[in-house]
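Here are a few notes to read alongside the coordinates. I hope they help as you look through the two views.

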2 protein chains.
Amino acid sequence: MKKRIRLYVAYDGTDYCGWQIQPNGITIEEVLNRRLKKLTGEDIHVIGASRTDSGVHALGNVAVFDTESPIPPERMAYALNQKLPPDIVIVRSEEVGQDWHPRYQQKVTKTYEYHIFNAKVPNPLKRRYSTFVSFPLDVEKMRKGASWLVGEHDFVSFCNVRTNVEDTVRRIDEIQIRETGPDITIQVTGNGFLYNMVRIIAGTLIRVGRGFYTPEKVKEILEAKERTQAGVTAPPQGLVLVGIEYGERQYNGRKETDLF
Amino acid sequence: MKKRIRLYVAYDGTDYCGWQIQPNGITIEEVLNRRLKKLTGEDIHVIGASRTDSGVHALGNVAVFDTESPIPPERMAYALNQKLPPDIVIVRSEEVGQDWHPRYQQKVTKTYEYHIFNAKVPNPLKRRYSTFVSFPLDVEKMRKGASWLVGEHDFVSFCNVRTNVEDTVRRIDEIQIRETGPDITIQVTGNGFLYNMVRIIAGTLIRVGRGFYTPEKVKEILEAKERTQAGVTAPPQGLVLVGIEYGERQYNGRKETDLF
């Protein structure tokens with residue numbers, strides 16, 4: 001009997017060309033498919049919730065696959081982790097309904113974090129998981145700028161072009177900016193994100209923090225509805241997909257502690 | 001005119017065979033010597049304060065070298081960073097007296113941190129900079145155990161054998177154990193550390209946290225004065241040399257913010 005298994009997947013994206021299978025390099029999806037084939041003997045194609053870009057990390061991406069394997073769904077995480085490289089970890093596995101799809105759910109909340117290391121020189125222990133910014137950032141101004149983005153808006157100014165044009169209205173529930181010494185974290189929660197949206201928000205808020213843009217400029221960019229108005233796309237290594245909530249489970253605040 | 005320059009060196013030790021030059025692999029010392037030769041045209045041999053082991057990291061190791069280069073001492077950090085790989089960063093550079101030696105100073109205080117990720121599954125974003133422990137650790141017990149180590153003691157039980165036998169009495173000024181969700185950090189400050197001492201302390205405190213040892217066992221190990229009594233040497237990737245203080249400068253608490 002076919003069962004559908006849901007995986008919560010964490011990975012260090014540094015050495016991968018993103019989630020989705022592509023001809024030019026190794027991807028998370030490909031590694032999962034290969035290891036699942038080894039484990040089950042079946043040809044398996046995982047379906048991911050979020051096709052993260054090259055170099056982007058995740059603590060709780062979600063994927064499903066169908067299998068007839070006798071391995072109990074909850075044990076699948078452990079079995080798979082024995083075969084995965086150390087930069088990909090299955091945090092949890094469980095059975096879901098046959099028609100449950102990670103990208104087509106009524107109620108979805110995604111949380112991303114963008115990490116900045118703000119100091120005079122880079123910290124070599126942070127370089128893989130943050131963006132280094134050497135000019136001092138005014139976090140209060142960044143918070144003011146970010147406040148314009150909360151709510152339901154057309155985020156087309158914060159979206160890079162992709163092949164298929166789609167509805168560009170999204171809802172941001174919360175943007176929190178935490179500062180701990182030289183570490184600045186922008187945490188964004190919302191019902192969905194356009195292509196590169198969080199990285200363009202981060203790039204724009206960095207300009208606000210630097211004083212290149214006033215906080216009010218963020219409102220103008222949003223209203224302009226034109227990509228060229230916003231800041232540059234911030235680099236991928238600062239971005240982490242922290243978690244995806246389907247309304248079944250309540251996370252609050254930091255997801256990491258809950259998932260691990 | 002020869003000048004002696006002091007460097008504060010941060011590095012991700014993952015891909016290095018430690019600080020000290022050795023025939024079997026690339027070391028921090030070797031990379032610094034080579035890049036300094038490129039920069040100055042002179043044959044330069046840096047002298048390091050702490051010869052960290054393979055895989056161990058640093059935020060503020062200290063090294064000196066002598067040069068006749070016209071580059072201003074304070075600019076040396078910037079000039080060198082242009083030539084260094086991203087996993088080695090010179091945080092600061094400055095001139096010191098001709099006879100100032102990083103290992104032979106009256107008053108020295110070193111701070112190390114040992115990082116543990118304590119959860120059911122490993123976090124791929126923490127694997128390079130922490131040790132994964134899957135069984136739950138009781139941090140209060142670890143703190144009680146650690147309290148026996150504070151003060152001046154013969155730490156021979158917490159020292160792995162090296163060629164030259166030496167005085168094994170050292171003074172630990174403070175051990176702080178911080179817990180933030182699944183992250184546990186053991187911060188140790190003292191006037192010097194024997195070979196592998198912090199890693200053996202970490203390995204021992206992990207056993208205490210797990211319940212294999214009572215907190216009082218730490219006192220017994222110390223009094224036994226025998227290496228075989230203590231816990232295993234915890235893996236290198238959890239260890240960071242946070243900073244070295246020579247009594248000239250006052251750091252307090254976290255050094256990272258001050259240095260960067």
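1. To start with a question: which residue lies over the face of A:Tyr213? The residue is A:Lys217, placed at 5.4 Å from the ring centre. Please keep in mind that this is a predicted model. Chain B offers another case, with B:Arg210 lying over the face of B:Phe135 at 3.4 Å from the ring centre.

2. Next, the aromatic pairs. Over all chains the count comes to 9. One of them is formed by A:Tyr129 and B:Tyr129, an edge-to-face pair with 6.5 Å from centre to centre and 80 degrees between the planes. This pair crosses between chains: A:Tyr129 sits in the loop between strand S5 (109-118) and strand S6 (131-133) of chain A, and B:Tyr129 in the loop between S5 and strand S6 (131-133) of chain B. Both partners are covered, since A:Tyr129 has a relative accessible area of 11% and counts as buried, while B:Tyr129 is buried at 12%.

3. A further pair lies within chain B. The ring centres of B:Phe155 and B:Phe158 are 6.3 Å apart and the planes meet at 70 degrees, so this pair is edge-to-face too. B:Phe155 and B:Phe158 are both buried.

4. Strand S10 of chain B (residues 239-245) deserves a look in your viewer. Of its 7 residues, 7 are buried. On the parallel side, S10(B) pairs with strand S3 (residues 57-67) of chain B over 2 bridges, and B:Ala58 has B:Leu241 as its bridge partner there. With strand S5 (residues 109-118) of chain B, S10(B) runs antiparallel and is joined by 6 bridges; here B:Lys110 is matched with B:Ile244.

5. What does the side chain of A:Arg178 contact? It makes a polar contact with the side chain of A:Glu113, at 3.0 Å. A:Arg178 belongs to strand S8 (residues 169-180) of chain A and is partly exposed, with a relative accessibility of 25%. If you want a second reference point, the C-alpha atom of A:Arg178 is separated by 14 Å from that of A:Ile206, which is 28 residues away along the chain.

6. Last, the cysteines. How many disulfides are there over all chains? The count comes to 0. Two cysteines of chain B can be compared with their surroundings: B:Cys17 is partly exposed at 28% relative accessibility, whereas B:Cys159 is buried, with a relative accessible area of 15%.

Key:
Residues numbered from 1 in each chain as written. Chains lettered and ligands numbered in written order. Heavy atoms only, no water. Buried < 20%, exposed > 50% of the residue type's maximum accessible area, 1.4 Å probe, protein only. Helix = DSSP H or I, 4+ residues; strand = E, 2+ residues; numbered from the N terminus. Pairing = 2+ DSSP bridges. Disulfide = S-S within 2.5 Å. Polar contact = N/O pair within 3.5 Å; in protein donor to acceptor, adjacent residues only side chain to side chain. Phe/Tyr/Trp six-rings, centres within 6.5 Å; stacked < 30°, edge-to-face > 60°. Lys NZ or Arg CZ within 6 Å of the ring centre and 35° of its normal.
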